[in-house]
Each structure stands twice: as C-alpha cells, then as structure tokens.
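The following dialogue asks on what grounds certain structural labels are assigned. Please consider the sequence and the model before reading on.

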Amino acid sequence: MPMITFADEVTGAPSGPEWTMDVFEEEVRLGELIRRRVFLEVAESGGHVDPEERTRATLEAFGRNGFVVLVDDRQVTALDDKVHLHAGSRITFLKLVPLVGG
C-alpha cells in the first residue's frame, strides 16, 4: 500500500502544509483524489466543517481554474482523468494568483 503526500503551494510563496495518506489502489480519478484530500484536511483540522460541502466548493474552484493539480510534477487537467500513483507520489495543489495589472 503506497504512501502519498499532498502539498499546498501558492505561486511566489513558501510551501504550505503537507499531509500523507495510504492509498489502496494504483489508479484513481482526480475528482476522487481531491475528495480524499479534502476529507483528510477536515479530519485533521478538528473543525466543524462539512467535508461534503468543502469538497463541492473545492471541485468548483478547480473548475474555475482556482488551482491546478500536479501529480509527480505532471499537471492533471480533468476531474475524470485517471491518476497513476506509486509509493512516494506527490500531489501538489498549486493555487494560481493573478499577475499584477492583469
């Protein structure tokens, strides 16, 4: 069972928090991977946030190009795309910030 790492990054800023998770399959859809990451974050935060609502908001943000997802430095562009995972895979959620004046 491979252990993967989720990381948050913002262009031009230091890296954000990281989480690790065991996965039971070698291939998973991007939408499902995002859902698992959101549920993990909510569980570890101990907050009173509805993980289903947070997942919906996150998937909508992805659809609006609010962030991109890189799997082992390769961009995955669609929620239905299959992501191939292996021990040590790194999934980066890269938040995009607009250019000044753009």
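The questions and answers below set computed values against the definitions of the terms.

Q: What makes the listed features acceptable in a model of this kind?
A: The model is predicted, so local features need pLDDT of at least 70 and side-chain atom pairs count only at pLDDT 80 or more, whereas totals for chains, interfaces and linings use all residues. Residues are numbered from 1 along each chain as its sequence is written, and side-chain values use heavy atoms, with hydrogens and water left out.

Q: Why is D81 called partly exposed?
A: The relative accessible area of D81 is 29%. Buried means under 20%, exposed means over 50%, and partly exposed lies in between (1.4 Å probe, protein chains only). D81 is therefore partly exposed.

Q: Where does D81 lie?
A: D81 lies in the loop between β5 (74-76) and β6 (82-84). Strands are DSSP runs of E with at least two residues, helices are runs of H or I with at least four, and both are numbered from the N terminus.

Q: Which residues does D81 touch, not counting those up to four places away in sequence?
A: D81 touches V28, R29, L30 and V76, where contact means heavy atoms within 4.5 Å.

Q: Why is the pair E9 and R90 called a salt bridge?
A: The term requires a side-chain nitrogen of Lys or Arg within 4 Å of a carboxyl oxygen of Asp or Glu. The closest N and O atoms of E9 and R90 are 3.9 Å apart, so the pair qualifies as a salt bridge.

Q: What does the pair E9 and R90 tie together?
A: E9 lies in strand β1 (residues 3-10) and R90 in strand β7 (residues 90-95), so the pair ties together parts that are 81 residues apart in sequence.

Q: How do you know that R90 and E18 meet in a salt bridge?
A: The N to O distance between the side chains of R90 and E18 is 2.8 Å, so the pair satisfies the salt-bridge criterion. Because R90 lies in strand β7 and E18 in strand β2 (residues 18-22), this pair ties together parts that are 72 residues apart in sequence.

Q: How many helical turns, about, separate R35 and E32?
A: R35 and E32 are three residues apart in helix α1 (residues 30-45), and are therefore separated by about one helical turn. R35 also forms a salt bridge with E32, with the closest N and O atoms 2.9 Å apart. Salt bridges that share partners join E25, E32, R35 and R36 into one network.
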